[in-house]
Amino acid sequence: MITAEQKPMKELVECVRPFQRILLAGCNECVTVCAAGGRKEVGILASALKLQFQAEGKPIEITEITLERQCDPEYVEELVAQIDKVDAVLSMACGCGVQEVARRYTDKPVFPAVNTKFMGASERQGVWAERCQGCGDCVLGLTGGVCPVARCSKQILNGPCGGSTNGKCEVSSDTDCAWQLIWDRLKALGKLDQYEENIPAKDWRSGRGGGPRKIVREDLAS
Amino acid sequence: MKTDSILEKILASGQLAVTSECGPPRGALPDKVREKAQLLKGYVDAVNVTDNQTAMVRMSSLAACILIKQMGITPLLQMVTRDRNRLAMQSDIIGAYSHGIDTMLCLSGDHPSFGDHPMAANVHDIDSVQFVEMVTTMRDQGKFQGGEKIDGPPKMFVGAAANPFADPFELRVSRLAKKVKAGADFIQTQCIYNIDKFEKWMEGVRERGLHEKVYIMAGITPMKSVGMAKYMKNKVPGMDVPDDVIKRLAGVPKEKQAEEGIKMCVEDIQRLKEVKGVSGFHIMAIEWEQKVPEIMERAGLLPRPQF
Ligand code: SF4
């Protein structure tokens with residue numbers, strides 16, 4: 001999933017300050033799972049903002065809504081009923097959701113309430129870690145199901161570098177060395193011979209190197 | 001002979017080759033480069049010029065290589081994948097060769113988080129194995145990495161690094177094999193303090209006959225003090241400094257520690273000379289270049305062969 005973290009309260013207060021009526025829009029997908037911008041967080045942030053401006057003697061109106069999916073025009077359409085009654089939208093969705101709202105409601109200011117972080121998985125309760133960078137040409141089949149593009153600090157496709165220490169990355173002892181994980185996994189699979197196959201230089205066109213990407217499915221496109 | 005590199009000539013002749021290192025200054029101070037290089041002139045076969053070492057901005061390796069070359073010293077261009085994409089790397093390689101620089105070392109480089117620009121984007125368009133392959137392809141097939149023909153291919157003698165002490169140890173011979181497969185001509189190793197472990201690694205290297213496909217130069221860095229030894233042990237990733245080394249340095253008074261460090265380094269060289277498959281030494285006397293002649297003399301590595 002896409003992970004996100006709420007922006008610092010101070011930053012949110014400043015971006016809301018010029019407005020009187022705010023639509024605070026959450027999303028029921030990834031940001032709900034990572035507890036950054038779902039219905040619950042919308043409720044908490046709305047109360048916090050109201051309290052803050054109340055204390056300043058300048059109460060604001062906040063309308064709360066949580067869409068099924070903010071990255072989907074079909075659901076973003078549901079804001080039609082509220083949009084004219086507010087001065088600005090504060091979106092708690094990932095960057096995709098924020099942009100979809102901005103695209104649909106051209107004359108309404110939209111602000112992000114979260115920082116979108118990465119595509120990751122939950123390691124344990126309350127901890128998410130990066131797993132994928134969407135390079136567009138998956139190598140996981142060669143690397144035992146551990147991604148060196150996303151999980152090696154130097155994106156090394158033929159690792160590990162000379163800094164790998166006790167299974168941890170040279171950059172931080174909190175981070176597993178991706179290549180230690182790959183080696184362990186290839187070993188468990190009985191595929192160590194695969195390690196010596198040099199992985200060629202990547203064609204980054206399938207990733208961000210080729211500019212903004214698009215998927216067009218002729219079979220589905222209308 | 002694949003190249004005109006002096007280093008290749010010496011290594012191919014079967015004599016022990018010796019390289020040393022010069023870190024360019026953090027400013028436009030060409031005389032600093034010359035001063036350091038002068039200390040090494042005539043004592044080693046080539047001088048590695050580091051590339052934004054420890055992820056700190058320094059005079060470019062290429063520029064410092066040219067300064068050194070003008071002094072009649074053979075520079076060895078170091079280049080890391082951290083700061084340049086494949087376009088920039090290839091253009092610098094052609095540029096270097098156009099200035100008569102024919103020996104280089106392909107590295108991934110320390111991560112920016114270690115240096116003074118931790119906010120910088122790290123490039124890592126290719127990795128060090130792919131880097132070696134790119135340079136040998138430029139040389140042997142006369143082709144850019146993108147596949148187009150090069151008009152006047154750079155004939156580089158291509159080195160890579162190996163760290164026998166990083167984890168996991170069991171893959172370290174295989175990792176070397178990957179660099180050999182990519183076409184590496186020579187290897188400069190991480191600084192060796194744990195000779196037992198190095199010998200064990202070399203055993204694995206010999207079992208696979210890799211020492212016959214690539215020249216292995218043993219990395220040596222003299223310890224200046226027990227403080228330095230402790231720092232290297234605890235703070236430098238992938239560095240293996242056994243407790244014995246620290247004990248020995250701690251066992252002599254502070255003012256004698258530097259001399260003890262030199263003595264230890266000379267002893268290490270003597271012992272490593274006996275390890276089959278070691279083709280030379282890479283002496284990295286960090287900000288202590290003036291000691292290189294003495295180390296060379298005491299280790300019986302002088303005079304240097306002439307070609
Ligand atoms: S220690 Fe491992 S994860 Fe970290 S940069 Fe080196 S190879 Fe990549």
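A residue is taken to be near a molecule if its C-beta atom, placed from the backbone, lies within 6 Å of that molecule. By this criterion, 15 residues surround the ligand in this predicted model. Chain A, with its 222 residues, has a radius of gyration of 22 Å, whereas a compact globule of that length would come near 17 Å.

**Ligand surroundings**
- The residues that come nearest to the ligand are A:Cys152, A:Pro160, A:Cys161, A:Cys169 and A:Cys177.
- By residue class, the shell around the ligand comprises nine nonpolar, four polar and two charged residues.

**Overall form of chain A**
- Nine helices and nine strands make up the secondary structure of chain A.
- Along the principal axes, the C-alpha atoms of chain A occupy a box of roughly 65 × 45 × 25 Å.
- Buried residues account for 34% of the 222 residues in chain A.
- Of the contacts in chain A between residues at least 6 apart in sequence, 57% link residues at least 24 apart.

**Helix H8 and its environment**
- Helix H8 of chain A spans residues 178-188.
- Its buried residues are A:Ala178, A:Trp179, A:Gln180, A:Leu181, A:Ile182, A:Trp183 and A:Leu186.
- The elements covering these buried residues include helix H7 (148-151), strand S9 (172-176) and helix H9 (192-195), each in chain A.
- Just after H8 of chain A, A:Gly190 adopts a positive phi of about 70 degrees.

Definitions and conventions:
Residues are numbered from 1 along each chain as its sequence is written. Chains are lettered from A and ligands numbered from 1 in the order in which they are written. This is a predicted model: local features need pLDDT of at least 70, side-chain atom pairs count only at pLDDT 80 or more; totals for chains, interfaces and linings use all residues. Ala, Val, Leu, Ile, Met, Phe, Trp, Tyr, Cys and Pro count as nonpolar, Asp, Glu, Lys and Arg as charged, and the others, Gly among them, as polar. Helices (H or I, at least four residues) and strands (E, at least two) are DSSP runs, numbered from the N terminus. The radius of gyration is taken over C-alpha atoms; the globule rule is 2.2 Å times the number of residues to the power 0.38. A residue is buried if 20 or more other C-beta atoms lie within 10 Å of its own, exposed if 12 or fewer, and partly exposed in between; C-beta atoms are placed from the backbone. Two residues are in contact if their C-beta atoms, placed from the backbone, lie within 7 Å.
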